[in-house]
Structures are given as structure tokens and as C-alpha cells.
Amino acid sequence: DTMNVLGMRYMTLVVIDANNKFWPISHSFVFDEDHTLYEFACRSTLEMTPGRTKESIKLGFGDLFFEPHRVKEWFPNILMMIDAYHLIHARNNQSILQQE
């Protein structure tokens, strides 16, 4: 099983508009789970979205690879929500529930 048809890790940044609709604004494929690559994707997206600051980002959703203290460095006002798929999916060999 892979997470997508390409078998690549990815990150999508999404905004919620005034009508509570979700809009993907940035997609990033990475070749390794690396905080530096994800940080680059976040900073690059902010550079391409005038009027948005890192302080204006309030909610994040991801797996536990995104350590909350690291994400707080990128977005100081963020509240991180955890993606349950990565925690409990039985065939996910990197699930934290499968690790000792």
C-alpha cells in the first residue's frame, strides 16, 4: 500500500475561505521525511501569498512526523491536529502504535 499512486510523500497547504470552503493553495512532493524540506515548502508558500504571515496560520493537520515544537517555529500561533490514519492504520509499518 502507498499513500498515493506515485508512492511519494507529499504535503498540501489548504486555506478556509469566508464561506468555510477548503482550497488547496500549495502542493509539495518530497523525497524524504525531512523537516527542512517541509519548512521550505511552508516558507515558499507564504512568500507566494501576499497578505499572509506565519502568525496568521492558526490550524495545522498532519501526522506525528510534524513535531509540534518544530511546527511552532514555522507558525507560532498554530494548533496542530493529528491525522489518525498514521496512528492506527494496521498496514502502515511506520505507525507509532506499531513501534516499541
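Here is a short chat about a predicted model of one protein chain.

User: Before we start, which cut-offs go with this predicted model?

Analyst: Residues are numbered from 1 along each chain as its sequence is written, and side-chain values use heavy atoms, leaving out hydrogens and water. As the model is predicted, totals for chains, interfaces and linings use all residues, whereas local features need pLDDT of at least 70 and side-chain atom pairs count only at pLDDT 80 or more.

User: What pattern do the helices and strands follow along the sequence?

Analyst: Helices (H or I, at least four residues) and strands (E, at least two) are DSSP runs, numbered from the N terminus. The protein chain has three helices and four strands. Read along the sequence, they give β-β-α-β-α-β-α.

User: How far apart are the end C-alpha atoms of helix α1?

Analyst: Helix α1 covers residues 35-47, which makes 13 residues. The expected span is 1.5 Å times one less than the number of residues, so α1 should span 18 Å. The model agrees, with the end C-alpha atoms apart by 18 Å.

User: Which elements do the buried residues of α1 pack against?

Analyst: Buried means under 20% relative accessible area, exposed means over 50%, and partly exposed is in between (1.4 Å probe, protein chains only). In α1, the buried residues are His35, Tyr38, Ala41, Cys42, Ser44 and Thr45. Contact means heavy atoms within 4.5 Å, and these buried residues pack against β1 (9-16), β2 (22-30) and α2 (68-74).

User: Which element gives the largest share of the largest nonpolar core?

Analyst: A nonpolar core is a set of buried Ala, Val, Leu, Ile, Met, Phe, Trp, Tyr and Cys residues joined through side-chain atoms within 4.5 Å. The largest one here has 12 residues, including Met11, Tyr38, Phe66 and Trp74. Two or more residues come from each of β1, α1 and α2. The largest share is three residues, and the element giving it is α1.

User: Leaving out residues up to four places away in sequence, which residues does Met11 touch?

Analyst: Met11 belongs to that 12-residue core. In soluble globular proteins, nonpolar side chains tend to be buried together. Not counting residues up to four places away in sequence, Met11 touches Ser26, His27, Ser28, Tyr38, Ala41, Cys42 and Phe66.

User: Which residue forms a salt bridge with Arg43?

Analyst: A salt bridge is a side-chain nitrogen of Lys or Arg within 4 Å of a carboxyl oxygen of Asp or Glu, and a search of the whole structure finds one. Arg43 is partly exposed, with a relative accessible area of 40%. Its partner is four residues apart from it in helix α1, so about one helical turn separates them. With the closest N and O atoms 2.7 Å apart, that partner is Glu39.

User: Which backbone nitrogens lie 2.9 Å from a polar atom of the Asp17 side chain?

Analyst: Asp17 sits in the loop between β1 and β2, and counts as partly exposed at 26% relative accessibility. A 2.9 Å distance from a polar atom of its side chain is found for the backbone nitrogen of Asn19, and also for that of Lys21.

User: What is the phi of Asn20 near?

Analyst: Asn20 also lies in the loop between β1 and β2. Asn20 is exposed, with a relative accessible area of 61%. Its phi is a positive value in a residue other than glycine, near 60 degrees.

Key:
Polar contact = N/O pair within 3.5 Å; in protein donor to acceptor, adjacent residues only side chain to side chain.
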